[in-house]
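User: Hi! I am new to protein structures and would like to learn how to read one. Could you walk me through some features?

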Amino acid sequence: MRLRLLLAYDGSRYSGWQIQEAAKAPLTIQGEGEKALGRLCACPVRLFGSGRTDAGVHAHGQVAHVDVPDSRAGLPWRHALNSLLPPDIRVLSAEEAHPRFHARLDALHKTYVYDFWQDRAFVPPRLAPYVWACGPVSLSPMREALQLLLGEHDFASLQNAGTPLEGTVRRILAGELVECPAEEFLPSHLPRLRLRITANGFLKQMVRNIAGLLVACGTGRLSPEAIPAILSACDRQALPSPTAPPQGLALAHVTYPETGCSPEKNC
């Protein structure tokens, strides 16, 4: 039986989603998930995620699938898994999926959010692990820069070295930068900002490079007018801004066809 899981996690203490082959393997989300699933299934299993979040990156809505023995079909999977998983990883839902559903291959597009904290006077402790304390920025040039990234482009200049890919063209379907409501019980402060971005796929650390680029524009270190030339270069060295830190980033949502898997599978 194939299970489809919806996961949320705090990635602060994990070395990303993917299991790493090493003599002393670091903690990963996939590793902890497979450990709990293996105990419930009484056999080794492989957990497939919709994408590989990096070390320190969080998720509000990571989708994964796993094949479990039919003899375990009646288990209350969400409750059982949450009783075994660390408290910073939670299963939000668990349901039977079509046998051919694939969490990564069937995904239509993904939405990430990235949070910026502007006030230099303080960072609330409860938010510190989930924001980039970038300091004050100007929204207008950041929004202008974001508009120039929408649509289909070769995003090689916004890709960090890592997993080899067949191509670097992606299509950003939507992007917005909004001011979040004021935090209750705090002194007057500059608003927290949230980048919300949806695409048919993302390259390695692409969203974090976009976040770094936007802050460079918002602080006047880079003009939005430079973005077309940066994209045309197809070279990470053409991007003068640093990669934003991981803690501000979270995988928010993954969209699938109504049937759950790609039309060509006839699910």
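**Reading one residue at a time**

Analyst: Happy to! Keep in mind that this is a predicted model. Let's begin with exposure: His60 has a relative accessible area of 43%, so it counts as partly exposed, because that class covers values between 20% and 50%.

User: Where in the fold does His60 lie?

Analyst: His60 is part of strand β3, which covers residues 58-67.

User: Which residues does His60 touch, leaving out those up to four places away in sequence?

Analyst: Contacts are counted between heavy atoms within 4.5 Å. For His60 the partners are Leu7, Ala8, Leu92, Val113, Ala250, Leu251 and Ala252. You can also look at a pair by distance: His60 and Ala133 are 73 residues apart in sequence, and their C-alpha atoms are 21 Å apart in space.

User: Let's turn to aromatic rings. How many aromatic pairs does a search of the whole structure find?

Analyst: The search gives 6 aromatic pairs. One to look at is Tyr114 with Trp132: their ring centres are 6.4 Å apart and their planes meet at 90 degrees, so this pair is edge-to-face. The cut-off for that label is an angle over 60 degrees.

User: Which strands do Tyr114 and Trp132 lie in?

Analyst: Tyr114 sits in strand β5 (residues 109-117) and Trp132 in strand β6 (residues 132-133), so the pair ties together parts that are 18 residues apart in sequence. Together with Phe116, these two residues form one aromatic cluster.

User: Are Tyr114 and Trp132 buried or exposed?

Analyst: Buried means under 20% relative accessible area. Tyr114 has 0%, so it is buried, and Trp132, with 16%, is buried too.

User: What lies over the face of Tyr256?

Analyst: A charged side chain can sit over a ring. Here Arg4 lies over the face of Tyr256, at 4.7 Å from the ring centre.

User: Now for empty space. How many cavities of 30 Å³ or more does a search of the whole structure find?

Analyst: A cavity is space where a probe fits but cannot get out. The search finds 1 of that size, and the largest cavity has a volume of about 60 Å³.

User: Which residues line the largest cavity?

Analyst: Among them are Leu5, Leu7, Ile29, Gly33, Leu81 and Val91. Elements giving two or more residues to this lining are β1 (2-9), α1 (29-41) and β4 (89-96). The largest share, 4 residues, comes from α1.

User: What classes of residue make up the lining of the largest cavity?

Analyst: There are 10 nonpolar residues, 1 polar and no charged ones. Notice that Leu7 appears in this lining and also touches His60.

Key:
Residues are numbered from 1 along each chain as its sequence is written. This is a predicted model: local features need pLDDT of at least 70, side-chain atom pairs count only at pLDDT 80 or more; totals for chains, interfaces and linings use all residues. Side-chain values use heavy atoms; hydrogens and water are left out. Buried means under 20% relative accessible area, exposed over 50%, partly exposed in between (1.4 Å probe, protein chains only). Rings of Phe, Tyr and Trp (its six-membered ring) pair if their centres lie within 6.5 Å; planes under 30 degrees apart count as stacked, over 60 as edge-to-face and the rest as tilted. A charge sits over a ring if NZ of Lys or CZ of Arg is within 6 Å of the ring centre and within 35 degrees of the ring normal. On a 1 Å grid over the protein atoms alone, a cavity is a set of points where a 1.4 Å probe fits but cannot get out, and a pocket is an open set with protein on both sides within 12 Å along at least five of seven lines; lining residues have an atom within 4 Å of a point. Grid points are joined across faces, edges and corners, and a volume is the space filled by probe spheres set on the points. Ala, Val, Leu, Ile, Met, Phe, Trp, Tyr, Cys and Pro count as nonpolar, Asp, Glu, Lys and Arg as charged, and the others, Gly among them, as polar.
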